[in-house]
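I opened my notebook for a first pass through this structure. Here is what I looked up, in the order I went.

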Amino acid sequence: MAAVISAAGLARTFRTKRGPVQAVRGIDLTVHEGEILGFLGPNGAGKTTTLRMLTTLLAPTGGTATVAGCDLVTDPVGVRRACGCVAQSGGVDGQITVREELVTQGRLYRLTKAEAVERARELAQDLGLDGLLDRRTAALSGGQRRRLDIAMALTHRPRVLFLDEPTTGLDPGSRADLWDLVRRLRDEHGTTVFLTTHYLDEADALADRLVVVDHGVVVAEGTPSALKREHAGSADASLQDAFLAITGRRPAPADAAPVAI
Amino acid sequence: MLFKDTALVYGRCLRQSLRSGVALFFGVLTPLLYLFFFGPLLTGLPLGGQGSSWQVLVPGLLLQLALFGALFAGFSIILEKAQGVVERMRVTPVSRLALLLGRVLRDTTVLLFQAVLLVLAALAMGLRAPLGGILVGFGFVALLAVALASLSYALGLTVATPQEFAPLVNGVAMPSMLLSGLMLPMSLAPAWLDALSHVVPLRYLVDAVRDAYAGSYTSPHMLRGLLVAVGFAVLAVTVGTRVFRRAGA
């Protein structure tokens, strides 16, 4: 399978008042066309920083990467045309209607007015937002908001979709719907999906392959069952056990007092 | 492309302003209060300028409107950043410069609308000035608004929280207002204060608009004011562009 994302030594160091902070030390990574890749790691491991570099929001301070054949540094516009991105926080204005946000997004991707209106209608139908087009985005439920965020990112039929913790804060039903949606995107359109998550059941159920990062480097990668076999002793072990073995972190003791209330 | 993208961002921002309604009038409130409750105190005083006290005060109030309105414009982008709207747009192929210019032009439009309201109120209070001078005044309001809004958005994009933004902006706004002779002409000042005020770019704009309101369009004040205003606007848009182009901002 052809690689749609490949990164070699991708790194980002932030300069702070207390000296340099190496958020990402050197990520080597290949994602194949049509793959659903789960990008895992503890908080602060460099997941979001990597994602921000791959979507051109942040310039790398080291290494190289291409997305859909376009170099991050020399052809950022090519990368932007090829990928859609849903940030943790989403990205819509609460006072604006669903229709206006979708149409504006189409126009930002250089569709004509008429094309943008038509595309908004199509996306709304495809993502179950039909009846909601004239509602302000602040009036949507969490699950509807997430579907809108994804609709916005799909406006230009991207080859690669980046999802940063897409199901955080969703109820179980909405999470299941979102998993179905991600699978459907891959099956029907061959979209490559690069998603970060803290929910290991989600990674297990959804991802074809996992990449685990810690301290800014890739510490393990493989299919969920391979990781379980290799790091937790058996393919029947939980991904949680494999994850903890890989990152060397234990969960906090159950009786530990909360730090703040 | 830049033009179409700018028009798109401008349209979105202007609709946001129109939707909020109050925001269209909020900025003009302070200058109006000065006009109504401070302006009448000056009518009998020897201000040393040409024409009536209104021809001295109203240019100052116009630039005060632009100063505060445009300097705080960047506040909105801190909120938009928190909502994720800025990054959502930055992952699209839209021109980075358009993301700045669309916003700056929206603020300039809103400030010009407020400037017209202020001048209409001033006419009711007794201002008499040549139409040409009033139009030149609006031109300076627009230039100052473009310059300061660009810098303000650049700052808003750079800082992480509103708490960092407000003190910095206030730290610029208050000295600029006091040292440029916005309220009373610096010709009344002792020599040291007058000299100090020449360090503040806004001083030159104030002098130019006062001359325009008195009908003198070819004075040295006018030339200097125009040079400073255009130069400052070019510099500020350049700074803003650099910040908006930088990937990590």
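My entries below cover confidence, fold, packing and charge.

**Confidence.** I kept in mind that this is a predicted model. For chain A I looked up the mean pLDDT, which is 90, with 95% of its residues at 70 or more. I then went to residues 251–256 of chain A, where pLDDT stays under 50. For that stretch I found one contact beyond four places in sequence. My reminder to self: where pLDDT is low, the predicted coordinates should not be read in detail.

**Fold of chain B.** Which secondary structure does chain B have, helices or strands? I found 13 helices and zero strands. Reading along the sequence, I noted an α at every step of the pattern for chain B. Its radius of gyration is 18 Å, close to the 18 Å of the globule rule for 249 residues, so I wrote chain B down as being as compact as a globular protein of that length. I also looked up the spans of the C-alpha trace of chain B along its principal axes, and they are about 60 × 35 × 35 Å.

**Packing and surface.** I asked what share of chain B is buried, and 52% of its 249 residues count as such. Among contacts in chain B with a separation of 6 or more, I saw that 80% come from residues 24 or more positions apart. The accessible surface of chain B is about 10600 Å², and carbon and sulfur atoms hold 75% of that area.

**Charge.** How many positive and negative charges does chain B carry? I have 17 positive and 8 negative, with their mean positions 8 Å apart.

Conventions: Residues numbered from 1 in each chain as written. Chains lettered and ligands numbered in written order. Predicted model: local features only at pLDDT ≥ 70, side-chain atom pairs only at ≥ 80, totals over all residues. Heavy atoms only, no water. Helix = DSSP H or I, 4+ residues; strand = E, 2+ residues; numbered from the N terminus. Rg over C-alpha atoms; globule rule 2.2 N^0.38 Å. Buried < 20%, exposed > 50% of the residue type's maximum accessible area, 1.4 Å probe, protein only. Contact = heavy atoms within 4.5 Å. Areas by Shrake-Rupley, 256 points an atom, 1.4 Å probe, with all protein chains shown as cover. Lys, Arg positive; Asp, Glu negative; His and termini not counted. Charge placed at Lys NZ, Arg CZ, Asp CG, Glu CD. pLDDT = per-residue confidence, 0-100.
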